[in-house]
Amino acid sequence: MTAPRLRVVEARLHERPVRFRLPFRFGAATVTAAPQAFLRLTVEAADGRRAEGQAAELMVPKWFDKDPALTEAQNFDQLRRSLALARPFYLEERPAPAFALSAAVEPRQHAACAAEGLGGLIASFGLALFDRAVIDALCRIEGIDAVTAVRTNRIGLTAATAPDLGDFDLGLFLAGLAPADSLHARHTVGLADPITTTEIAESLDDGLPQSLEQAVAAYGHTHFKLKLSGQAEADLDRLRRIAAVLDRLPDYRVTLDGNEQFAEAGPVAEFWDRLGADPALARLRSAVLFLEQPIARARALAEPIHALAERVPVEIDESDASIDAFPQARALGYRGISSKSCKGFHRALLNRARIARWSAEDGIRYFLSAEDLTTQGGVALQQDLVLAALGGAGHVERNGHHYVDGMAGAPAAEQREFLAAHPDLYADSRGRARLSIRGGRLAIGSVLAARGLGTALTPDWSAMADGPTEI
């Protein structure tokens with residue numbers, strides 16, 4: 001089926017402030033608030049049909065660029081700049097299928113950002129929002145859901161940016177994707193999070209869980225993501241306390257997130273060996289699915305990690321700054337890569353195709369994980385859930401609903417609309433549209449069926465501040 005040729009004719013940027021109910025600590029950073037970027041654009045098809053497309057993403061500080069000399073405000077401006085740079089590139093581009101638009105803009109965006117000292121993850125942020133908004137508009141023009149758009153390749157995905165897939169049948173691969181209508185919610189345990197209820201210093205009394213113990217009781221979680229600090233003694237002590245809670249469950253799975261807190265692979269292997277030698281951590285260790293980027297991005301792709309990979313599957317996250325990162329990582333011993341909406345919808349699909357190919361060729365399990373950068377209820381969350389479902393892992397890290405109370409900052413009327421349209425995903429609690437997790441799972445049938453990328457609704461643009469066209 002031929003992919004429609006599209007042209008972006010208008011693009012507007014908006015922002016909404018988001019304040020956290022709990023501090024989120026990962027690596028050396030602690031986040032308590034951040035603006036959420038919204039993109040609203042108009043797309044025209046070759047036959048003159050038009051539709052609006054949208055995308056949203058929280059502008060999380062100290063992840064895209066972890067330079068300690070930069071303030072949070074400077075981090076926010078870096079991401080605003082990425083959006084501002086991407087905007088004229090998309091407006092100037094000639095009509096083309098959704099993926100071709102992205103492929104044409106991608107090198108220009110990365111070059112423009114690099115010229116201003118902005119790294120690949122920052123460049124990808126602007127690309128990712130525009131790409132999702134274009135896909136959303138495509139779905140609305142065609143009157144189809146995003147899964148159909150992908151499976152029939154109405155997005156026009158090719159191997160143009162991934163020549164290693166040049167002889168791979170992408171059309172056949174996409175047609176075979178069968179996203180499930182529910183996902184395990186993999187609960188994040190941040191470094192500042194209380195483990196047991198007795199550790200809570202101050203109760204928020206908002207009806208939501210604060211400790212890991214409370215979250216398990218409230219949501220029925222069986223999948224967890226545990227943050228590491230890179231300080232072996234502190235991490236092992238904290239993991240023992242976490243294991244004391246999780247070992248009460250009949251069964252559970254965990255992932256460990258190193259958040260670049262190790263300088264090289266040797267200390268990571270030593271930490272893993274110490275974890276394995278601790279009787280109190282025996283069950284937790286057996287439940288580990290993979291280890292997420294433990295080595296700082298400056299060295300992560302500079303040395304092989306085969307000795308570490310023999311102990312535990314390792315994936316890259318922060319080092320995934322371009323479409324060629326995964327093949328580089330594979331050669332060094334990495335077996336997985338994270339999928340995040342802020343890094344790119346098309347990129348995740350191409351990496352998923354690589355996994356299918358490499359796993360068949362090598363007889364080794366390669367994997368794509370679905371990770372969260374505190375995606376917020378509404379547009380951002382639902383678009384991310386579509387991507388997570390297409391990735392096929394069966395579980396997705398969720399943390400936005402834990403650190404932020406429901407659709408915080410959204411007008412009450414907007415929350416009611418999303419709740420009414422997606423009653424399987426949200427529940428009305430204390431006047432808020434809050435994420436509904438039952439038995440540790442998210443029901444996403446309405447999200448996958450929506451005529452658009454994750455939702456047919458639009459947020460209340462009038463309740464947002466205008467974002468910059470330049471910064």
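## Domain 1 against domain 2 in a predicted model

UniProt, in an unreviewed entry, lists residues 211–385 as "domain: Enolase C-terminal", with positions given in the numbering used here and with the caveat that annotations may be inferred rather than shown by experiment. The span 211–385 is 47% helix and 15% strand, and its end C-alpha atoms lie 25 Å apart; helices (H or I, at least four residues) and strands (E, at least two) are DSSP runs numbered from the N terminus.

The model is predicted, with local features needing pLDDT of at least 70 and side-chain atom pairs counting only at pLDDT 80 or more, while totals for chains, interfaces and linings use all residues. Residues are numbered from 1 along each chain as its sequence is written, and side-chain values use heavy atoms, with hydrogens and water left out.

The domain assignment of the protein chain gives domain 1 (6–144) and domain 2 (175–463), bounds of this kind coming from an automatic or database assignment. Their centres, taken over C-alpha atoms, are separated by 21 Å. The values for the interface are set out below.

| Quantity between domain 1 and domain 2 | Value |
|---|---|
| Residues in contact (heavy atoms within 4.5 Å) | 47 residues of domain 1, 58 residues of domain 2 |
| Buried area (accessible area, 1.4 Å probe, lost on being put together, summed over both) | about 4,300 Å², 59% on carbon and sulfur atoms |

Of the area that domain 1 buries against domain 2, R16, R21 and W63 supply 18%, more than any other three residues.

R21 also forms a salt bridge, its side chain meeting that of D206 at 2.8 Å, N to O; the rule, which asks for a side-chain nitrogen of Lys or Arg within 4 Å of a carboxyl oxygen of Asp or Glu, finds 4 salt bridges across the interface of domain 1 and domain 2.

On the side of domain 1 that touches domain 2, the elements giving two or more residues are β1 (6–26), β2 (29–45), β3 (50–58), α2 (98–115) and α3 (120–142), and β1 contributes the largest share, 12 residues.

Note on methods
Buried area = accessible area lost by both parts, 1.4 Å probe.
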